[in-house]
Amino acid sequence: MPSSADPSGTPGFAELFTPKLVTVLKEGYGLNELRADILAGLTVAIVALPLSMAIAIASGTSPDRGLYTAIIGGFLVSLLGGSRFQIGGPAGAFIVLVAATVAQHGIDGLILATFLSGLMLAAAGFLRFGTYIKFIPYPVTVGFTAGIAVIIFASQIKDLLGLPAGESDTGSFIEKLSAAASALPEVSPAAVFIAALTIALILAFKAFRPGWPGMLIAIAAASLLAFFTGLPVETIGTKFGGIARTLPLPALPELSASLFWAVLPNAFAFTLLGAIESLLSAVVADGMTGRRHRSNCELVAQGAANVGSALFGGICVTGTIARTATNVRAGARGPVAGMCHALFLLAFMLIAAPLASYIPLAALAGVLVLVAWNMIEKHAIAVLVRTSPGDTLVLSATFLFTIFRDLTEGIIVGFSLGTLIFMNRMAKSIRIEHHIPFVPEDQADWENGARAPYDPDLASDPGLVIYRISGAFFFGSAATVAAVLDRIAERPQTLILDFSDVPFLDSTAANTVEGALRKARASKTKIILTGTSEAIRKVLAAHGILEPEISFAPTIEEAKAGISG
């Protein structure tokens, strides 16, 4: 939409905030696309149904609030969002914050905090703060995700073991473990059996029938077994009396000055985590499809979704990585798939809600244990630990602060440590390679120095694309480079990435390069990296960027000679 940009080429408001649904419809949307989106939406709804209820219960609310969140929030995220494939709904990452808010301020406080968070997210999008989420280092995101996963597991111990309600429901991580340990003599063998059966069935379907809805089948099997054998396990019906069969009427949350100021810190925490989680999920979808999301438009949509969820009595909405990835793998063509997912969940609530009463809480706990396990990026942690002590320190600090303090402190401490370590690395890098400045200065055209003159043949060869990266390549610039690399629409036969003017590369940047190269390999593109120093090669190798899948050459000229030879 060139007309919406100013003369300098900066994107205009309409270009940045047009929902991807509008873009997809303008590109041409027919019956084939609709059929694919309906099937993808049904697939995601099957996954989202037990997850939405399980996350709501683990968060200290009733299961129907999880469905309200997935239906209203999920529909609005897809309708207004800046990602083609994002699926919105309740997320495991929010369990800790939501449960703490309910414990401190009750359901009314939670709904008000969700409403305020929606307003904050929308404001952040309109102020274009989404652009700056990319400045969070990769080790921080890996660390806090792993920390949240550990806390989710701790929160499920009670239902996994069938322990009586008590101190293990709330409190810190240590308090949960201590309370669970003291209650071990009261373990319910029936609950343990149901949880173990659920986990085993899900893993079996994933291994032998990955195309089947293993999670839903496992939940159904556990429910049928508990019902027909009369196992003494707690169910949704015995604890909550079932779930509602209709959506509630929209209503404004209770508002008072004292409650407003009391939940404001919670709302800010929801906003911070929601922005990070949603944009990370959109990035995952980009990596799987080669598309690019509009980060600020996505934040506005997440804001609207949280406001909508709060009006209908739901909890926090965010982009969900697992459900978004499922949507992509199911063959979705655009945001209509996410809207269909919400409609299928609504149909379940209207038609089959009474069946949910028979679901054992131990089965839902088993689902969340697997969700927590999958949230831990084991491979990424191994890579970061191998890469450098600095990344290990950032990862560990974020992980430990998230578990033993709180999520916000974990992110702040991790980001601060990452910044200090980056500054130290840059100081050393500039001292050793003083001829390469951190930010290259402007030069006149005739001041090329040792750089070779422009070769027009490089631009005229349609089978060859060359990108030169200049300056420090770190977490702050990684998203910019990723955006450029994703524009390789012509799918060249050969891609050359030149690192001659890169004095430093960190783990976030290496992860960006690995993702771009993975997509290039999928399109049968030969990749050559040139000008990489020994230090840069070491970081790249830790992220799996190795020969023979990737070729290396000292210079662009030698790389070209190797191609022609």
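1. Let me start with the yardstick for accessibility: buried means under 20% relative accessible area, exposed means over 50%, and partly exposed is anything in between. Leu-393 comes out at 44%, so it counts as partly exposed. Keep in mind throughout that this is a predicted model. Leu-393 sits in helix H18, which spans residues 389–404. Its C-alpha is 8.6 Å from that of Gly-414, a residue 21 positions away along the chain.

2. On to the salt bridges. How many salt bridges are there? The count comes to three. The one I'd look at in detail joins Arg-84 and Glu-27, whose closest N and O atoms are 2.6 Å apart. Arg-84 is in the loop between helix H4 (63–80) and strand E1 (88–89), while Glu-27 belongs to helix H2 (residues 20–27), so the pair ties together parts that are 57 residues apart in sequence. The two partners also differ in class: Arg-84 is buried, at a relative accessible area of 7%, whereas Glu-27 is partly exposed at 49%.

3. Another of these pairs is Lys-158 with Asp-159, with 2.9 Å between the closest N and O atoms. Are these two residues buried or exposed? Both Lys-158 and Asp-159 are buried. Hold on to Asp-159, as it turns up again in point 5.

4. Arg-405 and Glu-409 also meet through their side chains in a salt bridge, at 3.0 Å from N to O. Here Arg-405 is exposed, since its relative accessibility of 55% is over the 50% mark. Glu-409, at 26%, counts as partly exposed. As a general reminder, side chains of opposite charge can pair when their charged atoms come close.

5. Now the cavities. Searching the whole structure turns up two cavities of 30 Å³ or more. The second largest has a volume of about 40 Å³. Which residues line the second largest cavity? They are Ala-54, Ile-57, Ala-58, Gln-156, Asp-159, Leu-361, Leu-364, Ala-365 and Leu-368. Two elements give two or more residues to that lining, namely helix H3 (31–58) and helix H16 (361–375). H16 gives the most, with four residues. By class, the lining has seven nonpolar residues, one polar and one charged. The charged one is Asp-159, because Asp counts as charged, and Asp-159 is also the salt-bridge partner of Lys-158.

6. Helix H4 has two neighbouring residues to check, Arg-65 and Gly-66. Gly-66 is buried, with 0% relative accessibility. Its C-alpha is 5.1 Å from that of Met-53, and the two are 13 residues apart in sequence. Arg-65, by contrast, is partly exposed at 21%. What lies 178 residues from Arg-65 in sequence but 8.9 Å away in space, C-alpha to C-alpha? That residue is Ile-243.

7. A word on the surface. Leu-224, Phe-227, Phe-228, Leu-355 and Tyr-358 form a nonpolar patch, and together they have about 600 Å² of accessible area. Phe-228, one of the patch residues, is in helix H10 (residues 214–229). Phe-228 counts as exposed because its relative accessible area is 64%.

8. Backbone geometry gives one residue to flag. Most residues other than glycine have a negative phi. Arg-128 has a positive phi of about 65°, although it is not a glycine. Where is Arg-128 found? Arg-128 is in the loop between helix H5 (95–126) and helix H6 (138–155). With a relative accessible area of 30%, Arg-128 is partly exposed.

9. Last, a contact along helix H12 (257–289), where Val-284 is found. Val-284 has 31% relative accessibility, so it counts as partly exposed. Between the C-alpha atoms of Val-284 and Ala-322 there are 9.6 Å, and the two residues are 38 apart along the chain.

How values were computed
Residues are numbered from 1 along each chain as its sequence is written. This is a predicted model: local features need pLDDT of at least 70, side-chain atom pairs count only at pLDDT 80 or more; totals for chains, interfaces and linings use all residues. Side-chain values use heavy atoms; hydrogens and water are left out. Buried means under 20% relative accessible area, exposed over 50%, partly exposed in between (1.4 Å probe, protein chains only). On a 1 Å grid over the protein atoms alone, a cavity is a set of points where a 1.4 Å probe fits but cannot get out, and a pocket is an open set with protein on both sides within 12 Å along at least five of seven lines; lining residues have an atom within 4 Å of a point. Grid points are joined across faces, edges and corners, and a volume is the space filled by probe spheres set on the points. Patches are made of residues with over 30% relative accessible area and no salt bridge: like charges are joined within 9 Å, nonpolar side chains (Val, Leu, Ile, Met, Phe, Trp, Tyr) within 5 Å. Accessible areas come from the Shrake-Rupley method with a 1.4 Å probe; for residues, only the protein chains shown count as cover. A salt bridge is a side-chain nitrogen of Lys or Arg within 4 Å of a carboxyl oxygen of Asp or Glu.
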